[in-house]
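Subject: Handover of a structure

Dear colleague,

Please find below the structure that I am passing on to you. My account of what was found in it follows directly after.

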Amino acid sequence: MTDDGPTYDPKTDTYVGIFETESASVAVMEALASVRHCEPTELDPLYCSVDPDALDRLVASGSDQLCVTMHIDGFEVVVTGSRRIEITPPE
């Protein structure tokens with residue numbers, strides 16, 4: 001994820017970011033923490049919502065067609081095979 005975290009898109013009311021080196025599970029937690037203005041350690045563990053190892057394996061498979069949607073603490077989080085994260089806040 002970039003140092004500034006995901007960027008807010010007011011047209012779609014989502015936060016969007018691309019992650020490069022870290023695992024998908026770490027990137028999701030860092031992006032969500034950035035959106036929530038807190039530290040990743042302050043969030044519920046990811047395994048309460050999704051299997052982090054399975055998420056990492058799916059994204060590492062390299063399929064650009066991959067799209068995983070999960071709900072974490074009221075936020076909809078989408079991770080794609082192209083290493084894109086989209087976070088939609090609760091309404």
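Of the 91 residues in the chain, buried residues make up 41%. Please bear in mind throughout that this is a predicted model.

Overall form

The chain has 2 helices and 5 strands, and along the sequence these follow the pattern β-β-α-α-β-β-β. The radius of gyration is 12 Å, close to the 12 Å that the globule rule gives for 91 residues, so the chain is as compact as a globular protein of that length. Taken along the principal axes, the box filled by the C-alpha atoms is roughly 30 × 30 × 25 Å. If one takes the contacts between residues at least 6 apart in sequence, 44% of them join residues at least 24 apart.

Surface and charge

About 5500 Å² of the chain is exposed, and carbon and sulfur atoms supply 47% of that area. The side chains include 5 positive and 18 negative ones. The centres of these two sets lie 5 Å apart.

Helix 2 and its surroundings

Helix 2 covers residues 52-60, and its buried residues are Leu55, Asp56 and Val59. These residues cover an arc of only 100° around the axis, which puts them on the same side of helix 2. Against which elements do the buried residues of helix 2 pack? Their partners are helix 1 (24-36), strand 3 (67-72) and strand 4 (75-80).

Asp56 also serves as a reference point for Glu22. The two residues are 34 residues apart along the chain, and their C-alpha atoms are separated by 9.6 Å. Glu22 is placed in the loop between strand 2 (14-18) and helix 1. Is Glu22 buried or exposed? With a relative accessible area of 17%, Glu22 is buried, because buried means under 20%.

Ile87 in strand 5

Strand 5 comprises residues 84-88 and contains Ile87. The relative accessibility of Ile87 is 0%, so this residue counts as buried. Neighbours within four places in sequence set aside, Ile87 is in contact with Asp13, Thr14, Tyr15, Ala31, Leu32, Val35, Phe75, Glu76 and Val77. Cys38 is 49 residues from Ile87 in sequence, and the C-alpha atoms of the two are 15 Å apart in space.

The loop between helix 1 and helix 2

Two residues of this loop deserve mention. His37 is found in the loop between helix 1 and helix 2, and at 73% relative accessibility His37 counts as exposed. Pro45 lies in the loop between helix 1 and helix 2 as well, but Pro45 counts as partly exposed, at 35% relative accessibility. Between the C-alpha atoms of Pro45 and Met29 there is a separation of 8.6 Å, with the two positions 16 residues apart along the chain.

Backbone angles

Most residues other than glycine have a negative phi. Where, then, does the model show a positive value in a residue other than glycine? One of these residues is His37, with phi near 60°. Another is Arg83, with phi near 70°. Arg83 has its place in the loop between strand 4 and strand 5, and a relative accessible area of 23% makes Arg83 partly exposed.

In brief

To restate the main points, the predicted chain combines 2 helices with 5 strands. Helix 2 has its buried residues on the same side, and these pack against helix 1, strand 3 and strand 4. In strand 5, Ile87 is buried at 0% relative accessibility. Positive phi values occur at His37 and at Arg83.

With kind regards

Notes
Residues are numbered from 1 along each chain as its sequence is written. This is a predicted model: local features need pLDDT of at least 70, side-chain atom pairs count only at pLDDT 80 or more; totals for chains, interfaces and linings use all residues. Side-chain values use heavy atoms; hydrogens and water are left out. Helices (H or I, at least four residues) and strands (E, at least two) are DSSP runs, numbered from the N terminus. The radius of gyration is taken over C-alpha atoms; the globule rule is 2.2 Å times the number of residues to the power 0.38. Buried means under 20% relative accessible area, exposed over 50%, partly exposed in between (1.4 Å probe, protein chains only). Contact means heavy atoms within 4.5 Å. Accessible areas come from the Shrake-Rupley method with a 1.4 Å probe; for residues, only the protein chains shown count as cover. Lys and Arg count as positive and Asp and Glu as negative; His and the chain ends are not counted. The place of a charge is taken as NZ of Lys, CZ of Arg, CG of Asp or CD of Glu. The arc is that of the directions from the helix axis to the C-beta atoms.
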